[in-house]
Amino acid sequence: MHLEPPKLVVHHLNASRSLRILWLLEELDVPYEIKNYQRGADLLAPNELRQVHPLGKSPVITYGDITVAESGAVVEYIIRTFGNGKARPSASGEVDDLYFSHYAEGSLMPLVVNKFVFGIVPGRAPFLLRPLVRNVMNMLVSQMVDPRLKEHIRLIEGHLEKSGDWFAGGDDPTSADFMMVFGVEALVHFFPNLVGPKTKAWVERVHDRPAYKRVSHLDGNVLGRAKM
């Protein structure tokens, strides 16, 4: 008896980092299905996602009996399982691919999230306290978040000046690029006048990929699309 292979399902939350997973799957030409979830008015994921993974976060994929959460783990699993040699760096790009695949969530995204959260907190404070809360949040951002993000802007620009089109070099995106897209788009959104030409060119290169175009309409990015 011929058994049908399991279906790969992307549990896609709007305005989340799962867009990077959809882009990767399109690049690899992997068949998949999307199960959509919508954020509530509080911007939080719906409880239905907890039925897929206890933390109720996205991205998360299911493949038969296998459930994989966390962006880095999902990207690595997909490339290992379905890549057939694609999305792999050359030997000379392996270290950069490894570094930026982990840097994206380990160093860059916590600051991006802090800047976003500190920006929306004043609007959720009691009306009479909003001016005070806004002043406190603005101080935190200006003294603790923005200076560090500007360091990351310089790091990314300097690296792309050396690596060329993609973070691990080479002619096509690798794990590092799929992992970096959300954070770099956020930098362009927050600091359009500070992000360097190599970084902007990288974002344009990503946006011009046919695979990216096929899924970008699903994003609903809470930051808005990167403007350059």
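Which residues lie nearest the centre of the second largest pocket? In this predicted model, they are Lys 86, Ala 87, Arg 88, Asp 172 and Pro 173. The full lining of this pocket comprises 17 residues. Its volume is about 230 Å³. By class, the lining divides into 6 nonpolar, 5 polar and 6 charged residues.

The largest pocket holds about 1,200 Å³ of space. Its lining counts 49 residues. Arg 17, Ser 58, Pro 59, Ser 71 and Glu 105 lie nearest the centre. Three elements each give two or more residues to this lining: α2 (71–82), α3 (94–124) and α5 (175–190). Helix α3 gives the most, with 14 residues. The class composition of the lining is 26 nonpolar, 10 polar and 13 charged residues.

Two of the residues nearest the centre of the largest pocket, Arg 17 and Glu 105, also take part in a salt-bridge network. Arg 20 is the other member of this network. Side chains of opposite charge can pair when their charged atoms come close. In total, the structure holds 9 salt bridges.

Arg 209 takes part in two of the pairs described here. One is with Glu 27, at 2.9 Å from N to O. This contact links distant parts of the chain. Glu 27 sits in helix α1 (residues 19–28), and Arg 209 in the loop between α6 (197–208) and α7 (210–216). The two residues are 182 residues apart. Arg 209 counts as buried because its relative accessibility is 18%, below the 20% cut-off.

The other partner of Arg 209 is Asp 172, with the closest N and O atoms 3.6 Å apart. Asp 172 lies in the loop between α4 and α5, whereas Arg 209 lies in the loop between α6 and α7, so this salt bridge ties together parts that are 37 residues apart in sequence. Asp 172 has a relative accessible area of 46%, and is therefore partly exposed. Asp 172 is also one of the residues nearest the centre of the second largest pocket. Arg 209 thus pairs with Glu 27 and with a residue of that pocket lining.

A further salt bridge joins Asp 165 to Arg 205. Here the closest N and O atoms are 3.5 Å apart. Asp 165 is found in the loop between α4 (130–163) and α5, and Arg 205 in helix α6. This pair, too, links distant parts of the chain, 40 residues apart. Asp 165 is partly exposed, with 38% relative accessible area. Arg 205 also counts as partly exposed, at 24% relative accessibility.

The surface carries a nonpolar patch of about 340 Å². It is made by Leu 129, Leu 132, Val 136 and Met 139. Of these residues, Leu 129 lies in the loop between α3 and α4. The relative accessible area of Leu 129 is 43%, so this residue is partly exposed.

Key
Residues numbered from 1 in each chain as written. Predicted model: local features only at pLDDT ≥ 70, side-chain atom pairs only at ≥ 80, totals over all residues. Heavy atoms only, no water. 1 Å grid on protein atoms, 1.4 Å probe; cavity = no way out; pocket = protein on both sides within 12 Å on 5 of 7 lines; lining within 4 Å. Points joined across faces, edges and corners; volume = space filled by probe spheres on them. Helix = DSSP H or I, 4+ residues; strand = E, 2+ residues; numbered from the N terminus. Nonpolar A, V, L, I, M, F, W, Y, C, P; charged D, E, K, R; others polar. Salt bridge = Lys/Arg side-chain N within 4 Å of Asp/Glu carboxyl O. Buried < 20%, exposed > 50% of the residue type's maximum accessible area, 1.4 Å probe, protein only. Patch = residues over 30% accessible without salt bridge, like charges linked within 9 Å, V, L, I, M, F, W, Y side chains within 5 Å. Areas by Shrake-Rupley, 256 points an atom, 1.4 Å probe, with all protein chains shown as cover.
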